Amino acid sequence: MDEVTLRALSLLEEAQAGGAAQALAVADSALRERTGEIGDGPAAMHFARVVALTRLGDLHAAIAAADLMLAAADRERSVGWRSCALSMRATRRLRLGDQDIAEHDIESILRDLVSAETALLAEEPDPVIAGNAHTGIAIGYAQLRLYELAAPQFQAAYEAACRAAYPDNGNRAMWLCNLAELHLMWALELYQVGQVAEAEKHTTAAEEYALRAAAEASGPKADVWRLSASLYAACSRADRQDPAGAAADIPRHIALLRACGLEEHQHELLLCRPFQAVALSRSGRPDEALRVIEDAVASLSPDTDWLISAALHRTHAVLLAANGSRDAAPGLTYGDALAELLWRQRHRWLHAAVTMQSYDILRWQHERAERAAQTDPLTGVANRRGLDNFLHSLAAPGVTADPVAVLIVDIDRFKHINDSLGHATGDDVLRAVALILTTSVRKGDFVARLGGDEFVAILPGADAAAARQVAQRAVDAVAGMTPWRARLSVGVASGLAYSLGETLAHADRAMYAAKRAGGNRTSCSQTAA
């Protein structure tokens, strides 16, 4: 992980711990370091800025910041940061829509979440960025109650944390706890629509994840994650094999978590109250069950998750009805009808998301196949087909009068490298030369392997002088490679886009002139424009 990412993640933690204003100021300053413009800064710092603005309650600004982060990620060609930007924009839009129905746009939210998921098909190499990316998608799907889509993302985040390069910061236990919580939420909604057997499958899954989280807890918050995991494990037993044990364990773990003084755990404490009430009722303690649920209902605030609020009210009505209250029946009937409607709505959203996923995967596979058909498998640069397509685009209407420079590149004595050091070493040299060429050219330039030990670089908008500077950088960089002692001969020519064939021929002749002069040099075509 690079220093910028480490610094950004430190700011992220500061923002989440109550220092959002200070984190925002530092992020803004860091983003302006390069050019003075916030938009030109690195994606990692935009990530911290989005979180800080969200913590400060400015959702419109956070969405605009996510747009800037998306542009930065695309500049950096980072699939991980691109995914994070998309999922963060989606979850901020979702929260904004909850506050103002005029801002509600479920299609855009689903589009961003699916696009964030598709971005990761290319695989993010940094496990920390990958973990954050999968978590962002999971949170978005979970907030939409699309549990089937959220669970694989939390699992992928956990797997990223298991990689050797990932720091031991406790995130493995966190993501296992997230999976346990997700399955408990899933079970609560299934109970509300009368699917009891299916709900019990998810409480069973929740217990498995919770026990794993308790066993794998590590890092500075290990005790907190262990307590959370133990609480979720106790909740998962309330409707199954051990209601009496759950009735005793749930309040004990809640008290221990409260003693930690962590405000962010209020959500999970309320989530556990319906399970505690059910455990008490199934243990033959209906009066205690009713008191627990009435206290929980009384503690609800306007920003409590609506599903938890609905589960508490429904559990309250069920317990009242079990105690013979006639007043509970109408409310229970209405609540069950509303739960069924919301369950159907969830399935419509799920169907829309899955349809978008299928389309995106097919499109990505098609684009990957097309890229593969135009890419040299050994070096990763374009092949002749890719070169032909690029040259065709340069000859498109509107660009034919533009100048274009061409570099023809040949590796000196490459046969000797193959014969003396072996073909595997020869392949390593070809890959190294391709990398040097792609880093030597300018943004927007094009590099291809013509075959064997010969490459070409196309520099739109460049004259011969600019092209020769690029060529010399490549010659010097290859000459400095160890231990192979490879050298380049580079021919340079410049002309207009409509006469590219002629310019390529000039560059090719200049390359052979460089070889005849002893190699390890550039040569400019005397007829170049």
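The paragraphs below walk through salt bridges, cysteines, a surface patch and two buried polar residues in a predicted model.

Salt bridges make a good place to start, as the structure holds 27 of them. One of these joins lysine 415 to aspartate 419, with a nitrogen-to-oxygen distance of 2.8 Å between the side chains. Both partners belong to helix α18, which spans residues 414-421, and they are 4 residues apart, or about one turn of the helix. Lysine 415 has a relative accessibility of 60% and so counts as exposed; aspartate 419, at 55%, is likewise exposed. Elsewhere, salt bridges with shared partners link Asp67, Arg89, Arg93 and Asp112 into one network.

Two further pairs involve arginine. The side chain of arginine 82 meets that of aspartate 74 in a salt bridge, at 3.0 Å from N to O. Here arginine 82 is partly exposed, its relative accessible area being 28%, and aspartate 74 also falls in the partly exposed class, at 39%. Arginine 285 pairs with glutamate 288 in a salt bridge of 2.9 Å, again from N to O. With a relative accessibility of 32%, arginine 285 counts as partly exposed, and glutamate 288 is partly exposed as well, at 29%.

Another arginine offers a view of a buried setting. Arginine 49 sits in helix α3, which covers residues 43-55. Its relative accessibility is 14%, and because buried means under 20%, arginine 49 is placed in the buried class. Leaving aside residues up to four places away in sequence, arginine 49 is in contact with Leu24, Ala27, Asp28, Leu31, Ile38, Ala65 and Leu68.

Asparagine 383 is a second polar residue worth a visit. This asparagine is found in the loop between α16 and α17, the latter helix comprising residues 384-394. At 18% relative accessibility, asparagine 383 lies under the 20% limit and therefore counts as buried. Its side chain reaches the backbone nitrogen of arginine 385 at a distance of 3.1 Å. Once residues up to four places away in sequence are set aside, asparagine 383 touches Ala373, Gln374, Thr375 and Asp376, together with Ala448 and Arg449.

Helix α16, on one side of that loop, also brings the description back to the surface. This helix runs over residues 328-373 and includes leucine 341. With 52% relative accessibility, leucine 341 is over the 50% limit and so counts as exposed. Leucine 341 joins Tyr334 and Leu338 in making a nonpolar surface patch of about 340 Å².

The cysteines complete the tour. A search of the whole structure returned 0 disulfides. Cysteine 162 is accordingly in no disulfide, and the nearest cysteine sulfur, which belongs to cysteine 177, is 14 Å away. Because a disulfide requires two cysteine sulfur atoms within 2.5 Å, this 14 Å separation does not qualify. The accessibility of cysteine 162 is 40% in relative terms, and this residue counts as partly exposed. Cysteine 524, by contrast, is buried, with a relative accessible area of 19%.

Terms used
Residues are numbered from 1 along each chain as its sequence is written. This is a predicted model: local features need pLDDT of at least 70, side-chain atom pairs count only at pLDDT 80 or more; totals for chains, interfaces and linings use all residues. Side-chain values use heavy atoms; hydrogens and water are left out. Patches are made of residues with over 30% relative accessible area and no salt bridge: like charges are joined within 9 Å, nonpolar side chains (Val, Leu, Ile, Met, Phe, Trp, Tyr) within 5 Å. Accessible areas come from the Shrake-Rupley method with a 1.4 Å probe; for residues, only the protein chains shown count as cover. A salt bridge is a side-chain nitrogen of Lys or Arg within 4 Å of a carboxyl oxygen of Asp or Glu. Helices (H or I, at least four residues) and strands (E, at least two) are DSSP runs, numbered from the N terminus. Buried means under 20% relative accessible area, exposed over 50%, partly exposed in between (1.4 Å probe, protein chains only). A polar contact is a pair of N or O atoms within 3.5 Å; within protein, one must be able to donate a hydrogen and the other to accept it, and residues adjacent in sequence count only if both atoms are side-chain atoms. Contact means heavy atoms within 4.5 Å.
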